Amino acid sequence: MSATGEAERVAVVGSGSIGVAFAIVFARAGFRVALHDPVPAARERAEAELAERLELLAEAGLLPGGVGAAAARISLHATLDEAVAGCALVQECAPEQRELKRELFALAAAAAPAGAVLASSSSAIPPSELADGLPEDAAGRLVVGHPGNPPYLLPVLELVPSPRTDPAVLARARDVYERAGLRVVELRREVEGFVFNRLQGALLREAYCLVRDGVVDVDGVDEIVRSGLGRRWSVVGPFETSDLNVRGGIAAHAERMGGAYARMGAERGQHDPWSPELVDTVAAQRRAILPLERWDERVRWRDRRLTALTAVWDDGARNGGEA
Ligand SMILES: NC(=O)c1ccc[n+]([C@@H]2O[C@H](COP(=O)([O-])OP(=O)(O)OC[C@H]3O[C@@H](n4cnc5c(N)ncnc54)[C@H](O)[C@@H]3O)[C@@H](O)[C@H]2O)c1
């Protein structure tokens, strides 16, 4: 709530796939959302998409307040100035073009309240490039808030500062996103592709190589992820997977498997073996999260989660599934 007792307001700039999805995320959590797109046809399409997606969420029981209440919190605007007035955060969701985004941030910085966070959904443009040429005050408020697609179903958000971002702004951005129900992963520094797409890219590079080399076909790769890696990763990430796959945890896993993974990397011209120091760092972080005394308990927890997921999933398949 704002000081006036009204729900806090956010502006979403660009009403394509990600803009509409962010509008749903914020409205579902009780924020007022001003959604801007300069293209009339895009605003019309957004209105139809919002109605359809809110309905789907409500049918699945994922919109406790109902469609009407969430929809009433979203307004569509033809001008940027009108949309960013009085907002706590601007979520820019315009096309992935550096110059266009820079221009939008210059305009938004001038029209939004002085303290508003300026966040970009960019998938691959580092925030320092978006802040290039902006006055210090605006650059200090600029971050990348990169979502998964669609963010109302994939709740993770990468929060990426530039070297010029004010730490207080990062904290404010995290606070807004967390109140919107997103789980924030803050990167310590910007890197090309951030983390989400670097991980995705590593897998995709290898998948292309395997298809090129005739080892497997495209659907074979997808099946291994759908029915294997992906299903497990929806419960535990790759580090926790390795930690729980070998008694003794991730240090034991690295000892057993490190050589094989180094050879696979070398085959692709990548020479990044897991040094003993690196394994120590990773193992120390895992042990801080899960002491080895609780390892068996956590393995049972993973299996219970996978069992519950499999029951829902395979029940869907038994019922005929969907295209
Ligand atoms: N689609 C994804 O999977 C995905 C995932 C994460 C992040 N992103 C990022 O989100 C951003 C938006 O991607 P998208 O897939 O929603 O694109 P999109 O093409 O679906 O939507 C872009 C929207 O921006 C509007 N637009 C054009 N010029 C504008 C302007 N001057 N001001 C405001 N709006 C303008 C367009 O009319 C369109 O509605 C991109 O930076 C993209 O990299 C996309």
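This report describes the domains, the ligand surroundings, three helix contacts and two backbone features of one chain.

The structure is a predicted model. Its chain is divided into two domains, with domain 1 covering residues 9–186 and domain 2 covering residues 196–314. Taken over C-alpha atoms, the centres of domain 1 and domain 2 are 32 Å apart.

**The ligand shell**

The ligand has 23 residues around it, and those that come nearest are Gly14, Gly16, Ile18, Ser123 and Asn149. Three elements give two or more residues to this shell: α1 (17–28), α5 (98–111) and β6 (142–147). Of these elements, α1 gives the most, with three residues. By class, the shell around the ligand has eleven nonpolar, ten polar and two charged residues.

**Helix packing**

Two packed helices are described by the angle between their axes and the distance between the axes. The table lists these values for three pairs.

| Helix pair | Angle between axes | Axis distance |
|---|---|---|
| α1 and α2 (40–59) | roughly 50° | within 10 Å |
| α11 (238–245) and α12 (249–267) | about 85° | 7 Å |
| α12 and α13 (276–289) | about 150° | 8 Å |

Helix α1, which also lends residues to the ligand shell, crosses α2 at roughly 50°. The two helices α1 and α2 are therefore oblique to each other. Their crossing is right-handed. On the α1 side the contact is made by Val20, Ala23 and Ile24, and on the α2 side by Ala46, Glu49, Leu50, Arg53 and Leu54. Sorted by class, the contact of α1 with α2 has six nonpolar residues, no polar ones and two charged ones.

Helix α12 takes part in two of the listed contacts, one with α11 and one with α13. For the pair α11 and α12, the angle is about 85°. That makes α11 roughly perpendicular to α12. Here Phe239, Ser242, Asp243 and Asn245 of α11 meet Gly249, Ile250 and His253 of α12. The residues of this contact divide into two nonpolar, four polar and one charged.

For the pair α12 and α13, the angle is about 150°. An angle over 145 degrees counts as roughly antiparallel, so α12 and α13 are roughly antiparallel to each other. Gly249, Ile250, Ala251 and Ala254 of α12 make this contact with Val279, Val282, Ala283 and Arg286 of α13. The contact of α12 with α13 has six nonpolar residues, one polar and one charged. Gly249 and Ile250 of α12 thus appear in the contact with α11 and also in the contact with α13.

**Backbone features**

Asn149, one of the residues that come nearest to the ligand, is joined to Pro150 by a cis peptide bond. Omega for this bond is about -5°. Pro150 lies in the loop between β6 and β7 (156–161), and β6 is among the elements that give residues to the ligand shell.

Phe194 is not a glycine, yet has a positive phi of about 55°. Phe194 is placed in the loop between β8 (183–186) and α9 (196–212). For orientation along the chain, domain 1 ends at residue 186 and domain 2 begins at residue 196.

Terms used
Residues are numbered from 1 along each chain as its sequence is written. This is a predicted model: local features need pLDDT of at least 70, side-chain atom pairs count only at pLDDT 80 or more; totals for chains, interfaces and linings use all residues. Axes are lines fitted to C-alpha atoms, for helices over the stretch in contact, and angles run from 0 to 180 degrees between N-to-C directions. Helices (H or I, at least four residues) and strands (E, at least two) are DSSP runs, numbered from the N terminus. Angles under 35 degrees count as roughly parallel, over 145 as roughly antiparallel, 65 to 115 as roughly perpendicular and the rest as oblique. Two residues are in contact if their C-beta atoms, placed from the backbone, lie within 7 Å. Ala, Val, Leu, Ile, Met, Phe, Trp, Tyr, Cys and Pro count as nonpolar, Asp, Glu, Lys and Arg as charged, and the others, Gly among them, as polar. Domain bounds come from an automatic or database domain assignment. A residue is near a molecule or strand if its C-beta atom, placed from the backbone, lies within 6 Å of it. A crossing is left-handed if the near helix is turned anticlockwise from the far one by less than a right angle, and right-handed if clockwise.
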